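Colleague: I'm new to this one. Please take a close look at the largest pocket with me, then carry on to whatever else helps me find my way around.

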Amino acid sequence: MTASNDQPAVALPALTQDGRARAEARQGAASGGRQAASVIDFHSLGRLLVLGGPARAQRAVRMLAPDLQIVWLRPPAAAAGDEADAAAPEGVILAAGRLTRLDGYLGRFSAAVAVDDQELNPAQLLGQANRYFDLVLDLQPQPAIPREVPPLGYFAPGDDEQALRRALEQLPELVGEFEKPKFFEYDPAICAHGASGLSGCSRCLDACPTVAIRSIGDRIEVDANLCQGGGSCATACPTGAIRYVYPAVNDFLDSLRQALQRYRGYGGASPAVVFHDAEAGAEAFRSVAAALPERVLPFEVEEAGSLGMDAWLTALAYGADQVLILVTGATPPSVLRELSLQLSYAWAILEGMGYARERLQLFGYRDPDESWPIHAAGAIGDGAAMVPGTFAAFDEKRTMIRLAVDHLHEHAPQARPLAALPAGAPFGEVWVDAQNCTLCMACASQCPTGALLAGDGRPQLRFLEQNCVQCGLCARSCPEDAIGPSPRYLYDAGQRARIRVLYEEEPFRCVSCGKPFASQKVVARMTQKLHNHWMFQDEAALRRLKMCEECRVIDLFEHGNPDAYGRPQ
């Protein structure tokens, strides 16, 4: 992400005091730049796989043949039809077969074709040692890689002639060495995807438009070659295990805070911040920029989906009267879904403090004549004057949300102690069914964030609300179905940070030495479940279930030498 001033400046009017203050704010923010990021390298030799029958492909391969090494793969039906004699240009290898597999990215596309009950690699038609294609032009009616955002180097224009022309222009240019930023960092230590084979959070997988993320047991794996920086994974992640690093969020928020400070310092009032992406969003904003109120401050980000609640709420806490997220027809549906979900969570948090929804809006802009939801000064329903916060920005998602909400709550028009949040929100408590909970501590052992804790020497289940991300692993690990998540936002920072007891029992004491070693219910359930087992058919064996570990071993050996299965002989 980057502030708008790192890009070619959009000409904005400065006819009023707000406009002049905006010009100063943008000038001051221009010195901030991107943080250096790791890069991903791509190498392309110009080996192109063209898919599709002769009707459209013949013209395409003729245009591309002088610049690229081409294998033109036609389906068997097309090869046997009336168009079978359509000649391939000189140097183009014509093949027929049924495509059975295609995956990869620029410089490393792997394909397989079924021919006469064999699966062959068509890339070897360019040389036996060759295994991969660098580029793919897919002219089939249904794309072989049906993703919202296709991998780099893959073009599937469908019936769109304009998209086909763009592909034919770009393909010859994709020969050589290329690089792109590595947009993310992943910390598996705080990932809530799973534990001990149990499934937990999968929000990043659902939000990724490039299918770059996959599950690998209790953790996830991100293919940096497929990732194109949409950022919705970082927006969806409840713990911050995936972070957007192009640049780091704290760098972006620092730039935002400085811009808002300068705007107000130069006499600007009621700033409305607009976040838009660097391509379609920038074009949409540029088309109407001159007609917008001069209190509007644009901030360009790499992708609209790369910003979430931490950035939105922090912008309000830094003094923005209104925050708008501009999406366009180019925004992938999965990203739009995730932004809408995050917006519903943020709305509930804001409304719990008495702020109006107009403070934060997701705005879909497609038509230049469409009106913008930017209100005149003072028109926002809650009537609150936004008091700019001065707290520092940190590169830690939940910390930034807490700092922003704490500041907004301090100056809230009508704050309540807590707010109920929609299902799936990453904040809340857990409920415990006291009748069925045995304090076995399976939930605490699987909690990835340390929100659930065992008692300190007592049969207790304790809870730290500020750590809970509502991943649901506690519910999936409970053998009694006695616990589950309950989304809410508790505004009192002291209460959020206080460890409280959710459930406790008097401990069961060893019938031999009197030492407490388990809960009453654990021993009762264990005795009930094992009383019909062949190992516990005498009173002495059943009595051992009520002993601590040390006494159990002593008693077993005092009443006979056990065999290999622990049975007295």
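Modeller: Here is the pocket, followed by the overall build, the cores and a few single residues.

A word on the model first: it is predicted, with local features needing pLDDT of at least 70 and side-chain atom pairs pLDDT 80 or more, while totals for chains, interfaces and linings use all residues. Residues are numbered from 1 along each chain as its sequence is written, and side-chain values use heavy atoms, without hydrogens or water.

So, the pocket (an open set of points on a 1 Å grid where a 1.4 Å probe fits, with protein on both sides within 12 Å along at least five of seven lines). The largest one has a volume of about 1,300 Å³, counted as the space filled by probe spheres set on the points. Its lining takes in 39 residues, and Val 149, Pro 150, Gln 228, Glu 279 and Glu 303 are the closest to the centre. (A lining residue has an atom within 4 Å of a point.) Four elements give two or more residues to that lining: strand S9 (154-155), helix H4 (161-170), strand S10 (176-181) and helix H8 (280-288). Helices of at least four residues and strands of at least two are DSSP runs, numbered from the N terminus. H4 is the top contributor, with four residues in the lining.

What kinds of residue face you in there? The lining splits into 22 nonpolar, seven polar and ten charged residues. Asp, Glu, Lys and Arg count as charged; Ala, Val, Leu, Ile, Met, Phe, Trp, Tyr, Cys and Pro as nonpolar; the rest as polar. By that split, Val 149 and Pro 150 go with the nonpolar group, Gln 228 with the polar one, and Glu 279 and Glu 303 with the charged one.

Now step back to the whole protein. You're looking at 17 helices and 28 strands, with C-alpha atoms that fill a box of roughly 90 × 75 × 35 Å along the principal axes. Half of the chain is tucked away: 50% of its 569 residues are buried, meaning under 20% relative accessible area with a 1.4 Å probe, against over 50% for exposed and partly exposed in between. The chain also links up over long stretches: take the contacts (heavy atoms within 4.5 Å) between residues at least 6 apart in sequence, and 69% of them join residues at least 24 apart.

Much of that buried material sits in nonpolar cores, sets of buried nonpolar residues, Pro left out, joined through side-chain atoms within 4.5 Å. The largest has 55 residues, and Leu 253, Phe 275, Met 309, Trp 312 and Leu 360 make the most contacts inside it. Several elements give it two or more residues, among them helix H1 (17-29), helix H7 (249-265), strand S17 (272-277), strand S18 (296-301), helix H9 (309-317) and helix H10 (333-351). H10 leads with nine residues. For a feel of the packing, pick Leu 360: beyond four places in sequence, this residue touches Trp 312, Val 323, Ile 325, Leu 343, Ala 346, Trp 347 and Leu 350. Apart from this core lies another, of 40 residues, including Leu 135, Leu 137, Cys 204 and Cys 208.

S18 also holds Glu 300, which is buried at a relative accessible area of 5%. From Glu 300 to Ala 493 is 33 Å, C-alpha to C-alpha, with their positions 193 residues apart in sequence.

For contrast, try the loop between strand S6 (110-115) and strand S7 (118-120), where Asp 116 is found. Asp 117 is in that loop too. Most residues other than glycine have a negative phi. Yet phi of Asp 116 is near 50°, and Asp 117 has one of about 65°. Both side by side are exposed, Asp 116 at 71% and Asp 117 at 87%.

Pro 75 sits in the loop between strand S3 (69-74) and helix H3 (76-80) and is partly exposed at 36%. Beyond four places in sequence, Pro 75 contacts Gly 52, Gly 53 and Gly 97. Its C-alpha atom is 65 Å from that of Ala 384.

Finally, Phe 517 lies in strand S28 (516-519) and is partly exposed at 28%. Its contacts beyond four places include Phe 508, Cys 510, Val 523, Leu 545 and Met 547.
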